[in-house]
Amino acid sequence: MAAQLVGLLLIGLVAAHAVGLLLVVTNGEAIHSISREQMTEHAAVAWRLGTLPEAQARQALAAARDDNATYALATASDVSPGNEEGLDQDLIRTQLVNSLRLPADAVRVSLVRLDSRRGDLRISLRTPGALWVNTLQHPVMSQAWRRPLRFSVPVSTLPVLVIVFLFVRRILRPIKALAHAAERVSRGEQVEPLPVTGPSEAREVTQAFNLMQQRITRFVDDRTRMLGAISHDLRTPITSLRLRAELVDDAPLKAAMIRTLDEMRVMVEETLRFARDDARNEDTREIDLQALLRDVADEQRAQGRDVQVHDLAASALPYRCRPVNLKRALSNLVDNAVHYGRRARLALTNGPAGMLEIHVDDDGPGIPADRLQDVFKPFVRLDPARSRNRQDASNVGLGLSIARSCIEAHGGRLELENRSLDQPGLRAVISLPT
């Protein structure tokens, strides 16, 4: 925004100079206005001297000569009728006719520009005695348009731009801080309340941001406490029911009841874990993202699972994140891939728009295209293709929901897509901002 405001101001200054230059150029005056007034006055004085008796007039005009002007009394005009066109000539002629009360044909004016600063101005005035007073003067010419601009543009533009740039930076500093804080909040980080500084509009926005963050934090904390209380209260009746189920004599009924109670216990615990959102309790720090992928794969292989990592570079890849939270999301995806697709393959690549992408591939049957978004809903389990272990009480349908929540807390996104027909299976694509 600072660059845009400074650029807009620069355009305004250039436009102002362009308008002034247009007025100067279209004015058409070649002689400086002050010099023109002086030359006209000198010609009028010479005409008055020329009205004296001829001998006296010649003597007076000769005495008035100097390096910048000559005056002479002659029987003919030095200015031919064809050399009298021009705005300066018209202005001089009109002023002499009005001040000396002469007929229009008694005043002739000719102007020849010698260079950018000087010119030859010839004025011939007819006296009542039918003689002509011929004057040759060298007026100061108006400067070419480039000369004043070489001075006025830097002097008027540079100080203004410097002052405006410093002022705009001061105004935009709280807005930049607000944008940075909003970006950190979008990644799930805790941000200290921003100082309320700057212009009134910026202070109002900062206050609204601080209030919004305070309310969101309070809402999440209240929700976590509420679900924690519900979970704690549910544990007691579930434990009581399990003890009573142990007293049932019917073995099949007893096993079914215990399995159902175990599922309820896992659902309560996983729901609490999902709602607690560990990302808000973990500090952001810089880690080696490739090392994190290797750790996930090593832990999975230690449990006897077929998990491999491909396409990693030899050098480290620093990345700022909440490692426990991100590792939790990767572990859930790997668990899902091994559970339904027999094995998992992890890869780290550069995605579009400067994003980092982590691929988690499996060799399972995939998911119907119209159900790819449904599996992210809590407690949703597709049946039967991806639920062949339905007797497993730990599978309550929260793994992908937790994984997506963790990834979105980092400002990224998690998407599922079916692989090609040549390589069947499902691919989970994690996109993380750099």
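**Exercise 1. Strand pairing**

In strand 4, which residue is the bridge partner of Arg-126? Then trace the pairing around strand 3 in this predicted model.

*Solution.*
Step 1. The bridge partner of Arg-126 is Trp-132, in strand 4.
Step 2. Now take the two strands as wholes. Strand 3 and strand 4 (residues 132-137) pair in the antiparallel sense, over 6 bridges.
Step 3. Look at the link. The two strands form a hairpin with 5 residues between them. In the turn, Ala-130 has a positive phi of about 70 degrees.
Step 4. Turn to strand 2 (residues 107-113). It runs antiparallel to strand 3, and 7 bridges join the two. One pair to find is Ser-110 with its bridge partner Arg-122, in strand 3.
Step 5. Check the cover. Of the 8 residues of strand 3 (residues 119-126), 6 are buried, and the strand is mostly covered.

**Exercise 2. Two arginines**

Decide whether Arg-93 and Arg-322 are buried or exposed. Find a side-chain partner for each.

*Solution.*
Step 1. Locate Arg-93. It lies in helix 4 (residues 87-100).
Step 2. Apply the cut-off: buried means under 20% relative accessible area. Arg-93 has 15% relative accessibility, so it counts as buried.
Step 3. Find its partner. The side chain of Arg-93 makes a polar contact with the side chain of Asp-90, at 2.8 Å.
Step 4. Recall a rule about helices. In an α-helix there are 3.6 residues a turn, so residues three or four places apart point the same way.
Step 5. Locate Arg-322. It sits in the loop between strand 7 (318-321) and helix 9.
Step 6. Use the cut-off again. The relative accessible area of Arg-322 is 1%, so this residue is buried.
Step 7. Find its partner. Side chain to side chain, Arg-322 makes a polar contact with Thr-284 (3.3 Å).

**Exercise 3. Helix 9**

What span should the 19 residues of helix 9 have, and how far apart are its end C-alpha atoms? How many of its residues are buried?

*Solution.*
Step 1. Work out the expected span. The rule is 1.5 Å times one less than the number of residues. For helix 9 (residues 323-341) that gives 27 Å.
Step 2. Compare. The end C-alpha atoms are 26 Å apart, which agrees.
Step 3. Count the buried residues. They come to 15 of the 19, so helix 9 is largely enclosed by the rest of the structure.
Step 4. Look just past the end. Arg-342 follows helix 9 and has a positive phi, near 70 degrees.

**Exercise 4. The cores**

Which element gives the most residues to the largest nonpolar core?

*Solution.*
Step 1. Start with a general tendency. In soluble globular proteins, nonpolar side chains tend to be buried together.
Step 2. Describe the core. The largest one has 38 residues, and those with the most contacts inside it include Leu-289, Leu-333 and Ile-358.
Step 3. List contributors. Among the elements that give two or more residues are helix 8 (289-302), helix 9 and strand 9 (356-361).
Step 4. Pick the top one. Helix 9 gives the most, with 7 residues.
Step 5. Zoom in on Ile-358. Its contacts include Leu-289, Leu-330, Ala-347 and Ile-430.
Step 6. Look elsewhere. A second, separate core of 19 residues includes Ala-44, Trp-47, Leu-102 and Leu-125.

**Exercise 5. Confidence**

Where does pLDDT stay under 50?

*Solution.*
Step 1. Take the overall figure. The mean pLDDT is 81, and 85% of residues reach 70 or more.
Step 2. Find the weak stretch. Over residues 384-394, pLDDT stays under 50.
Step 3. Draw the lesson. Where pLDDT is low, the predicted coordinates should not be read in detail.

Technical notes: Residues are numbered from 1 along each chain as its sequence is written. This is a predicted model: local features need pLDDT of at least 70, side-chain atom pairs count only at pLDDT 80 or more; totals for chains, interfaces and linings use all residues. Side-chain values use heavy atoms; hydrogens and water are left out. Helices (H or I, at least four residues) and strands (E, at least two) are DSSP runs, numbered from the N terminus. Buried means under 20% relative accessible area, exposed over 50%, partly exposed in between (1.4 Å probe, protein chains only). A polar contact is a pair of N or O atoms within 3.5 Å; within protein, one must be able to donate a hydrogen and the other to accept it, and residues adjacent in sequence count only if both atoms are side-chain atoms. Two strands pair if DSSP finds at least two bridges between them. A nonpolar core is a set of buried Ala, Val, Leu, Ile, Met, Phe, Trp, Tyr and Cys residues joined through side-chain atoms within 4.5 Å. Contact means heavy atoms within 4.5 Å. pLDDT is the predictor's confidence in each residue, from 0 to 100.
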